[in-house]
Every structure is written in structure tokens, then in C-alpha cells.
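This briefing looks at the pockets of one protein and at the residues that line them. Please keep the structure in view while you read, and find each named element as it comes up.

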Amino acid sequence: MSALEEGDLIVRREGAAGVIRLNRPKAINAMTLEMSIGIDAALQRFETDPEVAVIILEGAGERGLCAGGDIRGLWESSREGGDLGARFWRQEYVMNARIAKYPKPYVAFMDGLVMGGGVGLSGHASHRVVTDRTKLAMPEVGLGFFPDVGGTWLLSRSPGEIGTYFGLTGQTMNGPDAIHAKFADAVMPAAKWPELREVLTKVRQGATAADVSKLITGFATGETAGPVAAKEPIIDALFGFDRMEDIFAALKRDGSEFALATLKTLNEKSPRGMVVTLKLLRLARTASSLEECLVREYRAALTVFRSDDFREGVRAAVIDKDRNPTWSPPRIEDVTPDVLAPYLAEIGADELKFN
């Protein structure tokens, strides 16, 4: 075992595995800028290390892989007119793209809570393992934000309108639902992870993605659809629109218990966040690459960072925890094309670029 880095991020080689462990268990491994830089550096090192055949991503503690980015730090920087958002998201999104194209098998253990930035670390992996304890969500619209870290790419590739539903409501997927939504590849009992992990540290050099998939399959339950998959027909009917006004109207018309519960959930979200999210999801459907979506997300994220809605959403959810945000504007109808335009505008020299 050779340790390369300790602290909030543990990076080491264990046998044939390059292990990256997020190590902030009290914060459910929420990711800081420094952690993101460390992960990127570790991936670069492991890529050229001939003794590393596979990457293992895991989170310390029992609560989850990663609850997302360090939202409190971003909130403080936004209030002060700082630039942490620009630096953090640029670093994070470039790393997300690196993960998606990584040349060695990359196994993400998506146990417990996996949210926001945690999805960015795991959802683009070559091998995405969820468990009987997985709770995966992209709840950013409740913070006046939108599903980023390539979330618009992933959600737009879920079957039917499942991705639209999860992206707008921020509802939680269990393990099998994550597989159905194409956010994961295999579900296994969390109790079996130590055994699979041990097997992964002993894979042969030059092991292919297919070799690693075969090992994982030996521990998997074979489940491929959770409770939300059964609701796909009604979700497709209610969310198959390009305007939030039409989705709200469809939910009101339907009047079923599911539609009314969904309406209640959406009424708690940022109107601006929902309109931006739906637009980015629809644009992502015709995107040719993850990078194209990340460029668009970066433009939108910089605009969000300067917005009152982001500061208010984080205040209500994370700082004061009163769960009572005052959104601006307060109604979907008030999110006009002029309000939306800055989120989609090109940003010249500041555009996100990939190596």
C-alpha cells in the first residue's frame, strides 16, 4: 500500500488499484476546491502508473459517497462578490470530462447519499456501482441552481422524461432507479463492497472494462428498475413539454395523487431555476458530447453565482435552514426570455476549455 495524499482526500495505491477516498465524513464528504484539484492530480498520476490497473472511488464514513460541493463556501464567496464559483466549477467540470474519458477502468462506489458534485465524480465513471442504501439526487433547483457537473447530459439521456422529472423535482433515486435512469450500471448489497473491493485490488494489469464488469456482475443483484420506473408512462405524459407553464398545466389537469404531490414539490422550487434547468435539458438532448453540455453549464453557473436566487436558496436550505426561500421572480410566468438569456450567453475569453 502506498499513500500519496492524506487529509480531506486520501489517495493511495492498494495492489493494482489506485484508490481515491473522499475523507470528510462529518460533511458527507462534500467536495472543496482543494479536494477537486487533488482528485484531478491523482487521476493524472494513476493514468501513467503502470502498476495501477483500475481506479476505485469511495467515500469515508457510513452516510454516503458525497453530498455535493462545499455549498457554504460558495455561498460566502457569492455574498462577497468573490470568484470561488468561477474557479471551483472550472476545475470541477474539467475533471468531470476527464473522468468520462479516463483510459483505465474507473469504479465508483455510490453508496449512501450521492448528490450534485458526487454525481459528477461517479455518474461519468466507466463502472458505476449503487447499493441497497443509495440515495442519488440532483436537488439543485431547490437552491436556485440547476443540475450541473454534466447532469444535463446524464439526465437528458435517461429514458423518456424520467430525467426531466428528476432534474426538476430533485427527487431521490434508489439504486435500481439510478440504473433505469442510466446513472448507474449495477446494484449490489453494501455489505458486499469490502469483498468486491478486495477483488478489484487484485485485477491483472491491462484489465479491460469488460473484465472489470464481469467481476462486478458476480456481486450484483441484477435489479434494473425501481419504483419511479413504474411511473414512467405518467411522467412521460406530464413532463413532455418544453415550457414550465405547460408542465404545470398538465399536472393541474391530471389531478392524480402523483400529479398533485409533484406540483407541490415544484411549487417549492426556484421558478428561475426550473426554467433554466428545462432549457438546458432540452438543449442537452441534441448535444454531441458531455463537453458541449459542460460549456453550457459553466456559462449558466457563473450567472447563477451572481444571482439573488442562489444566495437565497442556499440560505434557506443550508445556512438558516428555515426551508422558506423568497424566490425572485416568484412566479414561472415572470421568468421571461430576457431573464433567461444571460444564462445561455457566450462568455468570450472566460469560456470553459478542455485539454
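**Pockets and their linings**

In this predicted model, three helices, α11 (244–254), α13 (271–284) and α16 (337–344), each supply at least two residues of the lining of the second largest pocket. The points below first complete the picture of that pocket and then turn to the largest pocket.

**The second largest pocket**

- The volume of the second largest pocket is about 310 Å³, and of the 14 residues that line this pocket, those closest to its centre are Asp242, Arg243, Val275, Lys279 and Leu340.
- Helix α13 provides the largest share of the lining of the second largest pocket, namely five residues.
- Sorted by class, the lining of the second largest pocket is made up of eight nonpolar residues, one polar residue and five charged residues.

**The largest pocket**

- The largest pocket has a volume of about 1,100 Å³, and 41 residues line this pocket, with Met115, Pro139, Leu143, Ala317 and Val318 being the closest to its centre.
- Both helices and strands take part in the lining of the largest pocket, since at least two residues each are supplied by α2 (71–79), α3 (84–100), β7 (113–115), β9 (135–137) and α15 (308–319).
- Among the contributors to the lining of the largest pocket, α15 gives the most, with five residues.
- When the lining of the largest pocket is sorted by class, there are 19 nonpolar, ten polar and twelve charged residues.

Terms used: Residues numbered from 1 in each chain as written. Predicted model: local features only at pLDDT ≥ 70, side-chain atom pairs only at ≥ 80, totals over all residues. Heavy atoms only, no water. 1 Å grid on protein atoms, 1.4 Å probe; cavity = no way out; pocket = protein on both sides within 12 Å on 5 of 7 lines; lining within 4 Å. Points joined across faces, edges and corners; volume = space filled by probe spheres on them. Helix = DSSP H or I, 4+ residues; strand = E, 2+ residues; numbered from the N terminus. Nonpolar A, V, L, I, M, F, W, Y, C, P; charged D, E, K, R; others polar.
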